[in-house]
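Dear colleague,

Please find the structure below, handed over for your review. The findings follow after it.

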Amino acid sequence: MELTVWRTFVTVCRLGSLSAAAAELHHTQSAVSRQIAGLERRLGVPLVERHARGVRPTPAGEVFRRHALATLKEADRAVRAVRDVRDGVDDRPLAVGATPSLAAGIVPEAVRGLLEETGPVRWSLLPGLSAQLHDRVIAGDLDIAVVTDAPPGLTVDQRVARRFLGLDEMVVVLPLGHPLAGRGPVRVETLAGEPWVEDNDGSAALLRQHAARAGVSARIDLTAADLPGKLALVATGHAVALIPGALTRALRADVTTVPLVGPPTRGVYAITPRRDPHPRAAPLLDRLATAFASVRRAQVDDRPTESETRQDKTAPCG
C-alpha cells in the first residue's frame, strides 16, 4: 500500500471531511474518495462512515488510523534522517517530556546547560504523567522523557533505554502562616490532623503508604486537577500537600516546605527510544544527571540530625 493513500486516510479522519482533506492535500474530492474506496477494497472492510456533519472512522478504521499514523510518523523521521545525513546536519527539534514537577524544576535547568554547551537547538517541553510520557516516547512524539517510578511504577519496555538519575525525597508544602512553617524536619504523625490535597494517584499512594508505616492515616480531603491547583489550595490555607523535593526551587512565593523524617522517595529516570535517538539526547542526559545531583545534594543537606529528630518527637500535633 502506498503511504500517500495512508496519509490521505489519516487526514480525512483528522478533519472529518472529504472536501476539507482534499483542500488540504491539494486533491479533488473525487480523488480522495477513490483513494479511500481503494483502501477499503484492499483491506476488505469499511473504514469510514458518513454522518450529518461529514465522515468519521468506523471501529476498524480507527484501529487502522492509529497504526497508519505511527507508520507515517516513522516514515517522516526516516526521510528527515536521510536528508540530514546527506546535508551533514541534524536540525531536528528536540522534543522533551517530563512530569509536571520535573518540568518546572530540573528539566529547564538541564536544557539551559545543554544549549550553553552545544549551541542553539529548537526544542519543546511537554508535561505529562509518567505512563503518558512513556507511550509518547514509543510513538516517536518525544525524544527524551524524565519520568518517575511513583505508583503505579514504570513499564518495562525493550523499546526504550532507561537511565536512573537518582532518588527524590518528598517534602510537605505548607501555607506561609502555618504553625510548622520554618520548622526543622517533622514526623508525619505531627501532621496527622491536617487536611491534605492531592492531584494524582501516584502522589496520594506515596502519602498513604508513608502515613501507614507511621501508624497514622492521611486525610486527603481535597483533590486538585493539577499541580498548580494543588499549590493554590495550599497557599490559600485549605490544606497541606506532599510534593517532590525536586520542585522546591520552583515554588510560588506564598508557600513554604518542611522536610519529613524518613521521607517517602521516588526514583527519577530519563527514557529515550532505542531506535533513531536524537543526537542531542545523550548530552541532555548528562545535563539532567548533573541538575538532579544538585537537587539531591540539597536534599541530603536538609536531612534531620539526631537532635532534630529527638526534638520533633515532643512537638505537639496540629
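**Helix α8 and its surroundings**

Helix α8, residues 201-213, comprises 13 residues and reaches 18 Å from its first C-alpha to its last, close to the 18 Å expected at 1.5 Å a residue. Please note that the model is a predicted one. The buried residues of α8 are Gly202, Ser203, Ala204, Ala205, Leu206, Leu207, His210 and Ala211. These buried residues pack against strands β6 (160-175), β7 (195-198), β8 (219-223), β9 and β11 (265-273), and also against helix α9.

**Two buried residues**

Val240 is located in the loop that lies between α9 (227-235) and β9 (241-244). Its relative accessible area is 1%, under the 20% cut-off, and Val240 therefore counts as buried. Leaving aside residues up to four places away in sequence, Val240 touches Val172, Val173, Leu174, His178, Glu194, Pro195, Trp196, Val197 and Val234. The C-alpha atoms of Val240 and Leu222 are separated by 9.9 Å, the two residues being 18 residues apart along the chain.

Thr272 belongs to strand β11. With a relative accessible area of 9%, Thr272 is buried as well. When residues up to four places away in sequence are not counted, Thr272 touches Val137, Asp143, Ile144, Arg159, Val160, Ala161 and Ala281.

**The N-terminal helices**

Helices α1 (residues 3-15) and α2 (residues 18-25) pack with their axes 8 Å apart, at an angle of about 125 degrees. An angle of that value falls outside the ranges for parallel, antiparallel and perpendicular, so α1 is oblique to α2. The crossing of α1 and α2 is right-handed. On the α1 side the contact is made by Thr8, Thr11, Val12, Arg14 and Leu15, and on the α2 side by Leu18, Ala20, Ala21, Glu24 and Leu25. By character, the residues of this contact of α1 with α2 are 6 nonpolar, 2 polar and 2 charged.

Helix α2 also packs with helix α3 (residues 29-43): their axes come within 8 Å and cross at roughly 105 degrees. Since this angle lies in the range 65 to 115 degrees, α2 is roughly perpendicular to α3. Leu18, Ser19 and Ala22 in α2 meet Gln29, Val32 and Ser33 in α3. The residues of the contact of α2 with α3 divide into 3 nonpolar and 3 polar, with no charged residue. Leu18 is thus named in the contact of α2 with α1 and in the contact of α2 with α3.

Yours sincerely

Definitions and conventions
Residues are numbered from 1 along each chain as its sequence is written. This is a predicted model: local features need pLDDT of at least 70, side-chain atom pairs count only at pLDDT 80 or more; totals for chains, interfaces and linings use all residues. Side-chain values use heavy atoms; hydrogens and water are left out. Axes are lines fitted to C-alpha atoms, for helices over the stretch in contact, and angles run from 0 to 180 degrees between N-to-C directions. Helices (H or I, at least four residues) and strands (E, at least two) are DSSP runs, numbered from the N terminus. Angles under 35 degrees count as roughly parallel, over 145 as roughly antiparallel, 65 to 115 as roughly perpendicular and the rest as oblique. A crossing is left-handed if the near helix is turned anticlockwise from the far one by less than a right angle, and right-handed if clockwise. Contact means heavy atoms within 4.5 Å. Ala, Val, Leu, Ile, Met, Phe, Trp, Tyr, Cys and Pro count as nonpolar, Asp, Glu, Lys and Arg as charged, and the others, Gly among them, as polar. Buried means under 20% relative accessible area, exposed over 50%, partly exposed in between (1.4 Å probe, protein chains only). The expected span of a helix is 1.5 Å times one less than its number of residues.
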